[in-house]
Amino acid sequence: MKIYDAIIIGSGQAGTPLAKKLAQSGLKTALIEKKYIGGSCVNYGCTPTKAMIASARTAYLASQAKTLGINTGPVSADLKKIVARKNEIVQSFRNGSEDNLNKVAGLDIYFGEASFKDQNTVRVEIINKSNVLLKAKKIFINTGTRPAIPEIRGISEIHYLDSTSILDLHEIPQHLLIIGGAYIALEFGQMFRRFGSKVTVLEQSPQFLPREDDDVAGEMKQILEDEGLSILTGTKTRSLKNVAKGKITAVLSVNRQRKVLTCSHVLVAAGRVPNTEELNLQKAGVYADVQGFIKVNNKLKTNIKDIYALGDVKGGPAFTHISYNDYLVISKNLFEKKSASIKSRMVPWCMFTDPQLARIGITEKEAEEQGQKILVARLKMSSVARAIETGDTRGLMKAIVDHKTKKILGAAIIGTEGGEVMTVLQMAMMGGVTYPEIRDGVFAHPTFAESLNNLFMTLDSE
């Protein structure tokens, strides 16, 4: 038995900085990681996918270069080199995080599978070594999530891909069938379409991107379809079957009509589930919901005193920036004696398709459902000078404004670096800046953000 002041299970974007903070504050700290330092973001999510998306965007720009007067010749993707570059970046980020942790005095790192023995004791199963027992007064759970695999007849008999395994493909799929139509599905779908794959996306909901307003979802769907993606909404996958070498048959129900497709690869992108089964939460008495997500209050406390859950494992928005903010909430409350809370915090979203889809605050339909009196500003990217000059006018800007206060309630941006433009509006929301102040603001010309002047000018006649 080894005694610590604090134990952290999982080295994601909340667990890693928290481990450093605890140890640097004089608390003897243990960090347990099952496989790689850095969690999903560094190893399986943001870092590797965005590195590969950059390659896909370069392929797209090269294919479009002729419209700007540049002749490039045929464009093709070398997936082995793309994956090698991605791996190099991931290894660099991972090693950097691990090296930084190893330099922290009072912090011990254990690589193995963690499970509760009781409320204060954690067993660590270390491969090829004896198991160890760790005991601490405070325990923080940051074990994250993994891809959910739906129950589909025949799925266990085919070699399907998930958002982790697809990152290490060394061949470009001839026809990639994607089960799911959310962020992960669309990012990978566009990426592999640009690499040369035929891509079919299966969305179970009758509406594409159902959380978005119809005009925003419709704009994004048109952009992807213009690139050659086939998007089927109202679609359920009934069965999957290997029919020949490199051939898989999928039986679908498309708006209740039977349809059969043959593909070379299947990517399952149908959500994620929490990594909690191996934790033996019941031994600690920690409550989880029916899906396995750990229940917490607004200060990230579980039902058991001195046990906390941070990041994706607690449910809610599964974003790196939310995980890091969870760390800040814990840190402020433990070390600054504040009363920080996750309640009512702003949650920015950004889908890294090209162009990006970024959103903050409420949508138009959410405002209407809440009975709010609003103004809606819209501007197509075809009216944005910077977009015209750079040769990409796909997308739109949209903002929801309170009719009385003139403050911004929400925004959606589809466009080149849409996430950066959305962040400008998020900061305006944080500072209570009104739309007339942005409309009349002086911004550098020509920038994408400058067109926020024009976006809010559309409200002058209302």
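## Exercises on salt bridges in a predicted model

Glu212 is a buried residue, its relative accessible area being 3%, and the structure that holds Glu212 is a predicted model.

**Exercise 1.** Identify the salt-bridge partner of Glu212, and establish where the two residues lie along the chain.

*Solution.* Glu212 pairs with Arg359, and their closest N and O atoms are 2.8 Å apart, which falls within the 4 Å that a salt bridge requires. Glu212 belongs to the loop between β9 (198–202) and α6 (214–226), whereas Arg359 sits in strand β18 (residues 356–361), so that the pair links distant parts of the chain, 147 residues apart. As for burial, the cut-off is under 20% relative accessible area; Arg359, at 6%, therefore counts as buried, and Glu212, at 3%, is buried too.

**Exercise 2.** Determine which parts of the chain the salt bridge between Glu113 and Lys34 ties together, and classify the accessibility of each residue.

*Solution.* The side chains of Glu113 and Lys34 meet at 3.3 Å, N to O. Because Glu113 lies in strand β4 (residues 113–118) and Lys34 in the loop between β2 (29–33) and α2 (39–43), the pair ties together parts that are 79 residues apart in sequence. Glu113 has 23% relative accessibility and is partly exposed, while Lys34, at 58%, is exposed.

**Exercise 3.** State how many salt bridges a search of the whole structure finds, and name the residues linked in a network.

*Solution.* The search finds 25 salt bridges. A network of them links Arg57, Arg194, Glu227, Asp354, Asp392 and Arg394.

Terms used:
Residues are numbered from 1 along each chain as its sequence is written. This is a predicted model: local features need pLDDT of at least 70, side-chain atom pairs count only at pLDDT 80 or more; totals for chains, interfaces and linings use all residues. Side-chain values use heavy atoms; hydrogens and water are left out. Helices (H or I, at least four residues) and strands (E, at least two) are DSSP runs, numbered from the N terminus. Buried means under 20% relative accessible area, exposed over 50%, partly exposed in between (1.4 Å probe, protein chains only).
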